[in-house]
Amino acid sequence: FGAKPDGKTMNTSVIQKSIDVCSQNGGGTVIIPSGQFVTGAIQLFSNVNLHLEPGARLIGSPDTGDYRINGVRHGMIFAFRAKNISITGEGEINGQGSLFHINGQVHLLRDFDRKFTRQGESYAPLDIFPPDGPVKYETRPGMMIVIEQCEQVAIKDVMLKDSPVWTIRFGDCDDVLVTGISIHNNLLIPNSDGIHC
């Protein structure tokens, strides 16, 4: 389908087209060969296996605008009400999450009021950067992989790196298998969790 493995060409539409055609023709395997393929948000549909060959790197776009589909913010890969989908292979999915964060500046934790913490005003002081983060961000993509209301889902053997927020989220899914994967995230990033069910 013409994807460029050069680590800089935006391949979102090409990868999505290959997934669409695969699903429309009854399903099968979409192969990401060895090389570096930059992408924004892509959607998996029923009966599609996204397979990353050894040496393949699916790299998240550094532009948050590339993670919107029909005006909705997403991460790199999502599926909704799909059946028999999988992400497999010995390649790597890299969210480039560190690019969306500002090293050396503390995340201000706007989602709480210090007066309700045990430490009061001394909790997470603004003038001290804790060595374990979390680091500040202005905006970032959504969770790297989101699978919602799907059935017969498998994620096998892939390496998942540098998610900008949660790495994998399964919501209201049935028959899910996750095996042989590795997750390597920047622990300074707020909410760089591994797997949420």
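This passage walks through the core, the salt bridges and a few individual residues of a predicted model.

The inside of the protein is a good place to start. The largest nonpolar core takes in 33 residues, and Leu58, Ile77, Ile93 and Ile145 are the ones with the most contacts inside it. Leucine 58 shows what that looks like up close. Setting aside neighbours within four places in sequence, leucine 58 is in contact with a long list of residues, including Ile15, Ile32, Phe37, Leu50, Leu52 and Met76. Two of the other core residues named above, Ile77 and Ile93, also turn up among the contacts of leucine 58, as do Glu92 and Asn94.

Charged pairs come next. Side chains of opposite charge can pair when their charged atoms come close, and a search of the whole structure turns up 3 salt bridges. In one of them, arginine 57 pairs with glutamate 92, with 3.1 Å between the closest N and O atoms. Arginine 57 belongs to strand β6 (residues 56–60) and glutamate 92 to strand β11 (residues 92–94), so this pair ties together parts that are 35 residues apart in sequence. Arginine 57 is partly exposed at 26% relative accessibility, whereas glutamate 92, at 13%, counts as buried.

Another salt bridge joins arginine 169 to glutamate 148, with the closest N and O atoms 3.0 Å apart. Here strand β17 (residues 168–171) supplies the arginine and strand β14 (residues 145–148) the glutamate, so parts 21 residues apart in sequence are tied together. Both partners are partly exposed: arginine 169 has a relative accessible area of 25%, and glutamate 148 has 31%. Lysine 136 and glutamate 138 also meet through their side chains, at 3.5 Å from N to O. Glutamate 138 is exposed, at 58% relative accessibility.

Back at helix α1, glutamine 16 sits within the helix and, despite its polar side chain, counts as buried at 14% relative accessibility. Its side chain makes a polar contact of 2.8 Å with the side chain of aspartate 20. Beyond residues up to four places away in sequence, glutamine 16 touches Ile42, Gln43 and Phe45. Glycine 26 lies in the loop between α1 (12–24) and β2 (28–32), and counts as exposed at 54% relative accessibility. Glycine 26 is 22 residues from valine 48 in sequence, with 8.7 Å between their C-alpha atoms.

Finally, the surface has a greasy spot. Val176, Val178 and Ile195 make up a nonpolar patch with about 190 Å² of accessible area together. Of these, valine 178 is found in strand β18 (residues 174–179) and is partly exposed, with a relative accessible area of 30%.

Terms used:
Residues are numbered from 1 along each chain as its sequence is written. This is a predicted model: local features need pLDDT of at least 70, side-chain atom pairs count only at pLDDT 80 or more; totals for chains, interfaces and linings use all residues. Side-chain values use heavy atoms; hydrogens and water are left out. Helices (H or I, at least four residues) and strands (E, at least two) are DSSP runs, numbered from the N terminus. Buried means under 20% relative accessible area, exposed over 50%, partly exposed in between (1.4 Å probe, protein chains only). A polar contact is a pair of N or O atoms within 3.5 Å; within protein, one must be able to donate a hydrogen and the other to accept it, and residues adjacent in sequence count only if both atoms are side-chain atoms. Contact means heavy atoms within 4.5 Å. A nonpolar core is a set of buried Ala, Val, Leu, Ile, Met, Phe, Trp, Tyr and Cys residues joined through side-chain atoms within 4.5 Å. Patches are made of residues with over 30% relative accessible area and no salt bridge: like charges are joined within 9 Å, nonpolar side chains (Val, Leu, Ile, Met, Phe, Trp, Tyr) within 5 Å. Accessible areas come from the Shrake-Rupley method with a 1.4 Å probe; for residues, only the protein chains shown count as cover. A salt bridge is a side-chain nitrogen of Lys or Arg within 4 Å of a carboxyl oxygen of Asp or Glu.
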